[in-house]
Amino acid sequence: AKAGMSPNSWVIGCSIHRSMNRGINLVSTISVTIRNNVLFDIQGNGVNLDYGYEMYNIIEDNCVVLTHSCTHCMNNDVHPGSFWLANPLQNFVGNAAAGSDGDGIRFALFSSSDYRLIVGGQLSTVSSVNPYRLGIEAFFDNSAHSNRYGNGISMDPQWQPYYAATYPMSTTATSSNAPVVLSDFSGFKNGNKGVYTKFNGMITYEGFNISSTGATDSNAAGFWCEDINANLNMSAGINNSVFVAYTSNTPNRDRRDDRVGINLPNNDNFFVSDVSFINYHDENWAVEPNKLQDRNSLLEEWGWQYIFEGINYIDSEQKIKMNFMHQAIFHDLDGTLTDNASTADFQLVPYSPLYNLSHCTNLTNSNWSTPYPVMVCDPDYRIRRLSGSISNSYTLADGTTTSTSTSSKSKEVFHT
């Protein structure tokens, strides 16, 4: 469908099966309703929002089962999504995705100067707004499971909303990132990750239930975030959620080595609040600072601070996978991260001989296990990550300067 502004257009109660191309394809549609449809055995993307002009559509209570990789379709269909959203500004409620060769729900939010806003019911002439800068009208009660080679939810390459999800859309960005809340999602038995996000703004994941991920991915995780850009503290993170490493009906072939519940991002102040971890033992770890970090590599910076509170462990002695000195700083607001109320407001850090032993002590807890030893430091002693600037200017023999540009580079420096 290529319908433009079409509030009186809909696809409701249809059964689409064994298509030789996409199931439902929307191009530049605005305010179209896609509701109560069942798609089965589809070649390529199931419900596909194509260009990024698509906004304010109602995508509700649809079920998409078995979407296959399609090499005779478009490039996007080679690694398909049961739901492929090129623009997040939708009402996306009550949908189920199962059995995709790729992802269940894919936010494919790319950068292009051609995307435009809706002003007065029509596409505006403003051409500087990209889909990854937009919010979402509603996202709740969705599920994705058994997606063989992909993720339950995938956000790639980025989603950094600056514009609130209002109608008509304002053409002025907020002074800081606009907050987005995705809520009540269930994901299980997805081959790679329950949720994969590459670069997020102020996005909160509320009421997510993730279990038994990682049948096909050596970097398996319930939730995997690589980087965030959040201007306000406690504005990007996970709240009121449950992560289960595996369940009794998960076959051994679905249990990969070194699987984590939450893979934490690069950058400060990502929060994890009121989260339960279940069955994180053996090869499973509840939490790990960005798995791509390496003490001997400069490709992934490290030493970021994360905020934790309201943590509940059930049969999970492998709580945090620390891998090397100075890798991360965990701020335990209420003592539940360390499973000890007396350490409320303490910081949890990898062991270092630099720290003052009158304030920092080795964590010796029989319910804890970590590859690298950790310490807890009291509230009177704070550890911080510093960053600095490297000058690219050079002064010649005659006293002239060839360049005055500078570049900022974060350093793994801790100051107490």
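Okay, a quick definition to start: a polar contact is a pair of N or O atoms within 3.5 Å, where, inside a protein, one must be able to donate a hydrogen and the other to accept it. Keep that in mind, and remember too that what you're looking at is a predicted model.

So, where do we use that definition? Go to asparagine 190, in the loop between strand S20 (180-188) and strand S21 (193-197). Its side chain reaches the backbone oxygen of alanine 144 at 3.1 Å. Is asparagine 190 buried or exposed? It counts as buried, because its relative accessibility is 0%, and the cut-off for buried is under 20%. Leaving out residues up to four places away in sequence, asparagine 190 touches a whole list of others, including Ala144, His145, Ser146 and Asn147, and also Gly150, Asn151 and Gly152. Ser212 and Thr213 are on that list as well.

Hold on to Ser212 and Thr213, since they come up again in the lining of the largest cavity, along with Ile210, Gly222, Val244, Ala245, Arg259, Val260 and Tyr280. How much space lies in that cavity? About 40 Å³. And counting cavities of 30 Å³ or more, we get 1. The lining residues split into 5 nonpolar, 3 polar and 1 charged.

Now the cores. In soluble globular proteins, nonpolar side chains tend to be buried together. Here, the largest nonpolar core has 65 residues, and the ones touching the most other members are Phe107, Leu182, Phe277 and Phe330. Which strand gives this core its largest share? That's strand S28, residues 304-314, with 5 residues. Apart from this core lies another one, of 8 residues, with Ile329, Tyr355, Met375 and Tyr381 among them.

Let's zoom in on phenylalanine 277. Again skipping residues up to four places away in sequence, its contacts include Ile311, Asn312, Tyr313 and Ile314. Phe243, Ile262, Ala286, Val287 and Ser316 are on its list too.

Last stop, serine 9, in the loop between strand S1 (4-5) and strand S2 (10-12). Serine 9 is partly exposed because its relative accessible area is 30%, and partly exposed runs between the 20% and 50% cut-offs. With residues up to four places away left out, serine 9 touches Ser31, Val32 and Thr33. How far apart are serine 9 and isoleucine 34 in space? From C-alpha to C-alpha it's 9.0 Å, with the two sitting 25 residues apart in sequence.

That's my tour, thanks!

Conventions
Residues numbered from 1 in each chain as written. Predicted model: local features only at pLDDT ≥ 70, side-chain atom pairs only at ≥ 80, totals over all residues. Heavy atoms only, no water. 1 Å grid on protein atoms, 1.4 Å probe; cavity = no way out; pocket = protein on both sides within 12 Å on 5 of 7 lines; lining within 4 Å. Points joined across faces, edges and corners; volume = space filled by probe spheres on them. Nonpolar A, V, L, I, M, F, W, Y, C, P; charged D, E, K, R; others polar. Core = buried A, V, L, I, M, F, W, Y, C linked by side-chain atoms within 4.5 Å. Buried < 20%, exposed > 50% of the residue type's maximum accessible area, 1.4 Å probe, protein only. Helix = DSSP H or I, 4+ residues; strand = E, 2+ residues; numbered from the N terminus. Contact = heavy atoms within 4.5 Å.
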